[in-house]
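Here is a short set of exercises to work through with the model open beside you. Try each task yourself before you read its solution.

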Amino acid sequence: MNPDSGPGGGPRQPSKRRLPAAPSGMASPHQLFDDTSSSGLGRSYAAQQPPAAGSFLAEPVSSFAMAYGTTLASQGKEIVDRNIDRFIPVTKLKYYFAVDTVYVGKKLRLLLFPFMHQDWQVRYQQDTPVAPRFDINAPDLYIPVMAFITYILVAGLALGTQNRFSPDILGLQASSALAWLIMEVLAILLSLYLVTVNTDLTTIDLVAFSGYKYVGMIVGTVSGLLFGKTGYYLVLSWCCLSIFVFMIRTLRLKILSEAAAEGVLVRGAKNQLRMYLTMAIAALQPLFMYWLTFHLVR
């Protein structure tokens, strides 16, 4: 028998030998290039690829937009500050609030006891009045504003002790006090215009001087709550006299002529009108003080 013949007598087919599988992690012997798609080398190669064209434009555009927005914001702030300063003199208002604790204490003592004070002249530095904290005679807005708010709170307390408190009544009290203050300042401005007084008094100065009366109103109302009507009338009378003297000695340097401010005899019709106007402004303060507080004490 032919050894190369098969079982059926035919020629024997050559047997196929299986190659052992390549171990994992090794390339096939017939593979020409390694597959690096899932390896770390492939990932690092992909990370080194240049970004798309849109990413080059994104950063410059965002930087330009940020710079443009900052420029617009700064220009808008300058426009707002310029327009606000035209209608509301913010820089001037800062002067009227330049106070400290020492000034407030001395000014309150001057408002309540002005009889012994001698020097009423406002000090200047290079044609500019010094800040209120350096000169007790300089007008300020801190005391009038705080006194007005305190007056409203004390009025609410007084109404509460009489079982008459309500938000509507307290709002009416605040609005009426503010309305009277505005009417008073407008009346003084009109009087100064009619008398043709050349003075360095500003509208803010008049608001400050007219607001000092709230200090005496607070003291009088609190005295009425503590000691009844007798204490109210006694203390309020003293406060009215004090504010009258304070206004006369302060405004005479602003409204009267230089000769009158130096103590020289006032002559002439115009100076007489200025003197009467000064006394009228000072006399208005006690009237408003009584009108705005008498109904709070019973």
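**Exercise 1. Place I149 in its helix, then decide: is I149 buried, partly exposed or exposed?**

Solution. Start with the helix: I149 lies in α5. Helices here are DSSP runs of H or I with at least four residues, strands are DSSP runs of E with at least two, and both are numbered from the N terminus. Next, take the cut-offs: buried means under 20% relative accessible area, exposed means over 50%, and partly exposed is in between, with a 1.4 Å probe and protein chains only. I149 has 42% relative accessibility, so I149 counts as partly exposed.

Now look at the surroundings. I149 is part of a nonpolar surface patch of about 520 Å², together with F97, Y142, V145, M146 and L153. Patches take residues with over 30% relative accessible area and no salt bridge, joining nonpolar side chains (Val, Leu, Ile, Met, Phe, Trp, Tyr) within 5 Å and like charges within 9 Å. The areas come from the Shrake-Rupley method with a 1.4 Å probe, and for residues only the protein chains shown count as cover.

A word on the ground rules: this is a predicted model, in which local features need pLDDT of at least 70 and side-chain atom pairs count only at pLDDT 80 or more, while totals for chains, interfaces and linings use all residues. Residues are numbered from 1 along each chain as its sequence is written, and side-chain values use heavy atoms, with hydrogens and water left out.

**Exercise 2. Find out how many residues of α7 are buried, and look at two of them, S210 and G211.**

Solution. Count first: 7 of the 9 residues in α7 are buried, which leaves the helix mostly covered. They are I204, D205, L206, A208, F209, S210 and G211.

Take S210 next. Its relative accessibility is 2%, so S210 counts as buried. Beyond its neighbours within four places in sequence, S210 is in contact (heavy atoms within 4.5 Å) with L181, E184, V185, I188 and Q285.

Then move to G211. With 2% relative accessibility, G211 is also classed as buried. Outside the same four-place window, G211 contacts P144 and L181. To see how the fold brings in another part of the chain, check A147: the C-alpha atoms of G211 and A147 are 7.7 Å apart, although 64 residues separate them in sequence.

**Exercise 3. Which residues touch the most other members of the largest nonpolar core, and which helix gives the largest share?**

Solution. A nonpolar core is a set of buried Ala, Val, Leu, Ile, Met, Phe, Trp, Tyr and Cys residues joined through side-chain atoms within 4.5 Å. The largest one has 47 residues, and Y151, Y212, Y214, F246 and M247 touch the most other members. Two or more residues come from each of α4 (101–112), α5 (142–161), α6 (167–195), α7 (203–211), α8 (213–255) and α10 (269–291). The largest share, 13 residues, belongs to α8.

For a close view, select M247: setting aside residues up to four places away, M247 touches F209, R252, I281, A282 and Q285. Apart from this core lies another of 6 residues, including Y96, A138, I204 and A208.

**Exercise 4. Locate the salt bridges and say where their partners sit.**

Solution. The rule asks for a side-chain nitrogen of Lys or Arg within 4 Å of a carboxyl oxygen of Asp or Glu. It gives 2 salt bridges. In one, E184 pairs with K213, the closest N and O atoms being 2.7 Å apart. This pair links α6, which holds E184, to α8, which holds K213, across 29 residues. Both E184 and K213 are buried.

In the other, K254 pairs with D200 at 3.7 Å between the closest N and O atoms. K254 is in α8 and D200 is in the loop between α6 and α7, 54 residues apart. K254 has a relative accessible area of 14% and is therefore buried, whereas D200, at 43%, is partly exposed.

**Exercise 5. Where does pLDDT stay under 50?**

Solution. pLDDT is the predictor's confidence in each residue, from 0 to 100. The chain averages 79, and 69% of the residues score at least 70. Residues 22–27 stay under 50 and have 2 contacts beyond four places in sequence. Residues 258–262 are also below 50, with 5 contacts beyond near neighbours in sequence.
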